[in-house]
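Me: I'd like to learn how to read contact surfaces, inside a chain and between chains. Can you walk me through this one?

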Amino acid sequence: MSLDFNDETFRNDFTFKNSPKAIKRFPFPFPEDSYMYSVNMEPHVPGPKGSVFEHMFDVDEHYVAEMRDRAQVLADDPLRCQSLPHMELAGWDLLELIMESKARDYPQWFELHKNGNHWHWINRPLQIEQKFTFMDPTTLPCGPMEYITRQTQGDFTLQDQRDENLWVEAGMVTTQADWSLDFDIGMNFHQWHAPVPKAHEMGVFDRALKFLLKLQHGAPVRRFNWTMTVDPLLDTSPENYPKWGPGKTTMTPETIGSRQHLRVELQTLHRLPRSNAIAFPIRCYLIRFEELVTVPKWGRRLHRVIRDIPDELATYKGFLRNKPLMVDYLAQFDDGAPTSPGFWAD
Amino acid sequence: MSVGAPKIPVVVTEVVQVNDLIKRFRFQRRDGDAMPTFSGGAHVVVEMDDHGTRRMNPYSLMSAPSDTSGYEISVRRDDVGRGGSLYMHTHVQPGMEMVLSHPVNLFPLDNRAKKHLMIAGGIGITPFVAQMAQLQAMGGRFELHYSMRSPALGAYAQVLKAHYDDRVHLYYDEEKQFIDLKNLLKGQPLGTHLYVCGPKGMIAWVRATATEMGWPALSVHSEEFLAPPVGKAFEVQLAASGKTITVAPNQSLLEAMEANGVEAPYLCRGGACGQCETEVHRCDGHIDHNDHWLTDEQKASNTKIMPCVSRFAGAALVIDR
Amino acid sequence: MTKTEFEPSIKSRPVYGVLEAAPGLAHLIVADGEGADAVTEMIARAGTAMLASTHIIYMPGPNGCDKSAALQALGAAQFRSSPSFAAASSRLAKVVADAHMGTQIYVAGTEGLIAQVCQAVAAQGLPYESVHTEHRGSTVRRVQCVHCKGITENVTHDPFKCSHCGLSLFVRDHFSRRIAAFQGVNIDAEDPGLVPDSVERFK
């Protein structure tokens, strides 16, 4: 493995860790000392150099290891990647968007050469070289969405737009916060968010849907979501809940700093040109509490957010059981000093 | 268009007089780059500087969606309208620089359809031209029924017939040829989707007939852009920006806001998409709700207005912009 | 007996209406158990003219309720009494595949039946929401185990043991139209063996 990428695991011995550089650029999701649902979308425009917003699709030190983990999840359960028949065109749109973005943003790692529909793709970190015919799925080893998302960090869903709604009808979902693509595929926007408490009554999904139906090509947007994960486990799927659920029960004050992770999703939304579908990359970033509190502002703020979060939300996000342990641990990093607005480290 | 959404700077590369009423325009990027691909049924908003008046009209894209070298639209001349189409017909020449929005699709194909049945009236043919090209490339099943006044005014009829052969059916009003809609709707396989684009009366007729014949509303799709109607001048108070503006007879409220430096969101500028929906704080008078977006109850309550097409007459109108 | 009233729930949980005849070139009606009453009531309101272009497929409900005689007596152009949905499903698939636009489709009876008919119809491209539905009779559920993917029919208790993998599952209201089932999730994953008492929630 090259020096750019970590040799690490997200299962069994859990050797995942963030370098000091990765901690510094971690997308801490709380702009203030408390949290409640909101639509909170902003244009997905390039952010500061070195930040996770610098490029359309962030490639970081975990890239190669995450792709290895994805391949293992798919080998165990191929239903984690599905595309209903009418979504193939959207898959090509996504493949084009990602290949063009990566070749432009990371020329040292990715190259794309086009001669009409004859495309030549080079992915150096994963040692892949592929010549294929754009829009001809028989020239790729698998469907276009699966092909490119086996080479791109984060989960992906593709939403068809019709009847004034969005329908989740294709996806690659192996790093999810406890939802099942196999069960949810085919649902509309309200159906697939149905289990989320409170937010429907607050009108969050009505507003978000209205906004997304008008999302324009060339003007992607982004937002954050977050939850908690015990051990650096990318695949917290409902399918495997009996396997990872028990891990929550063995947490102690001694292990919480090293085993408890804040899990942040950087979600972006892109209108796709040929299919009129919306691509929804959900990029997961993990950071252990020990790493997070090395940034004093984040330690103080996370303590306040977790301490004050309603139990209903903590239950939905699956960490009510360990909330007291978290609050006790984080309290030692909160001296009561005021925090500056915004999520950037001071 | 959302405020801040990117636009495409283009140059006009071709203007073709298709018949007495219709001209076709081709646009290419000024920087020589490729245009974005698009989905059949999409439109772009064309920005015009009509001697100091900024006009922004939506036109369906009719070039092949996979053709990234340029976009084509067709414009039907409307001699009694507000002037957008007249401007395109009389002033726009090859070499002129213009600005387009990115494509927006309010009339997409349902890609799950077992078959696409298309009904076009007059200039309503344009979105179908792009959709058929896309379906042809993807191997989709489709059938077009295209009704027009006469062979002379049937833009693209012969070209389409020659290209798609028996998947295209032509009807000329002057020759007393009419679409036998009931028979047509009778024999379609389950999973067929029906699309109609044309004059208001045609859309209403197709929708009513389909309902009567047992077609589910979700299987029937239509697109009708309204040209913003002309009317009498009126005054509007913009609460958020603290301005009072006058909307001229041949100007829309949206255009008047833009002319006064008040940015408002929009996509279709034709009363269809809902993007420019605006709260009404006070309405002492009558709003002419010309849009297809608000429900009848919303229209009756006068709590919202679509500034792209709707007008006002009365003592005072205060809106949230 | 009238249509079943369900508690308000989350947005993925289906809601059902009351069968009303709609204009159409042909009518396909599928019912089980007490759903037969919804069909006879609809025809009583709409008049018998539609029967000449109506095809009825009927099966007993999961509670054994069988009203096939009453439905057969309506005199529809085609009538089929099947012992079960499984036995009727190939006929249903063929009829739907051969149907044309303008065919109105009605389902009345239990949730499992409604879901599976809508699923078969949607697979042929007719919008899922265009099927006319009314719930009558048993409220037992069809539940998919999210872990092993096996579907257990006629679930009455919550939690219950997956009939395929044996895990104890709690029954969510989260419902997949594509799979035609509610979701069952392991209740004692975090504390193996700590399973709450099973309650009869669906009758």
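Me: How much area is buried between domain 1 of chain B and domain 2 of chain B?
Reply: Buried area is what two parts lose in accessible area on being put together, summed over both. Here, in a predicted model, that comes to about 1,300 Å² for domain 1 and domain 2 of chain B, with carbon and sulfur atoms giving 63%.

Me: Which strands of chain B each supply at least two residues of the side of domain 1 that touches domain 2?
Reply: Those are strand 2 (22-29) and strand 5 (71-76) of chain B. By residue class, that side of domain 1 splits into 8 nonpolar, 7 polar and 3 charged.

Me: How many residues are in contact there, and where do the domains of chain B lie along the sequence?
Reply: For contact, look for heavy atoms within 4.5 Å. On that basis, 18 residues of domain 1 of chain B meet 15 residues of domain 2 of chain B. The assignment puts domain 1 at 7-105, domain 2 at 115-223 and domain 3 at 234-319 in chain B. Taken over C-alpha atoms, the centres of domain 1 and domain 2 of chain B are 24 Å apart.

Me: What about salt bridges and polar contacts between domain 1 and domain 2 of chain B: how many of each?
Reply: The salt bridge rule asks for a side-chain nitrogen of Lys or Arg within 4 Å of a carboxyl oxygen of Asp or Glu. Across this interface the rule finds 0 salt bridges. For polar contact, there are 4 residue pairs, both residues at pLDDT 80 or more.

Me: OK, now between chains. What area do chain A and chain C bury?
Reply: About 2,000 Å² between them, 58% of it on carbon and sulfur atoms. Of the area chain A buries against chain C, 31% is supplied by Phe183(A), Gln191(A) and Tyr241(A), more than any other three residues. The contact takes 25 residues from chain A and 24 residues from chain C.

Me: And how many salt bridges are counted between chain A and chain C?
Reply: The count is 6. Try Glu239(A) with Lys149(C): this pair forms a salt bridge, and the closest N and O atoms are 2.6 Å apart. Polar contact between chain A and chain C adds up to 11 residue pairs, both residues at pLDDT 80 or more.

Me: Which elements of chain A give two or more residues to the side that touches chain C?
Reply: Helix 5 (181-184), helix 6 (189-192) and helix 8 (241-244) of chain A. The residues on that side of chain A divide into 13 nonpolar, 7 polar and 5 charged.

Notes
Residues are numbered from 1 along each chain as its sequence is written. Chains are lettered from A and ligands numbered from 1 in the order in which they are written. This is a predicted model: local features need pLDDT of at least 70, side-chain atom pairs count only at pLDDT 80 or more; totals for chains, interfaces and linings use all residues. Side-chain values use heavy atoms; hydrogens and water are left out. Domain bounds come from an automatic or database domain assignment. Buried area is the accessible area (1.4 Å probe) that two parts lose on being put together, summed over both. A polar contact is a pair of N or O atoms within 3.5 Å; within protein, one must be able to donate a hydrogen and the other to accept it, and residues adjacent in sequence count only if both atoms are side-chain atoms. Helices (H or I, at least four residues) and strands (E, at least two) are DSSP runs, numbered from the N terminus. Ala, Val, Leu, Ile, Met, Phe, Trp, Tyr, Cys and Pro count as nonpolar, Asp, Glu, Lys and Arg as charged, and the others, Gly among them, as polar.
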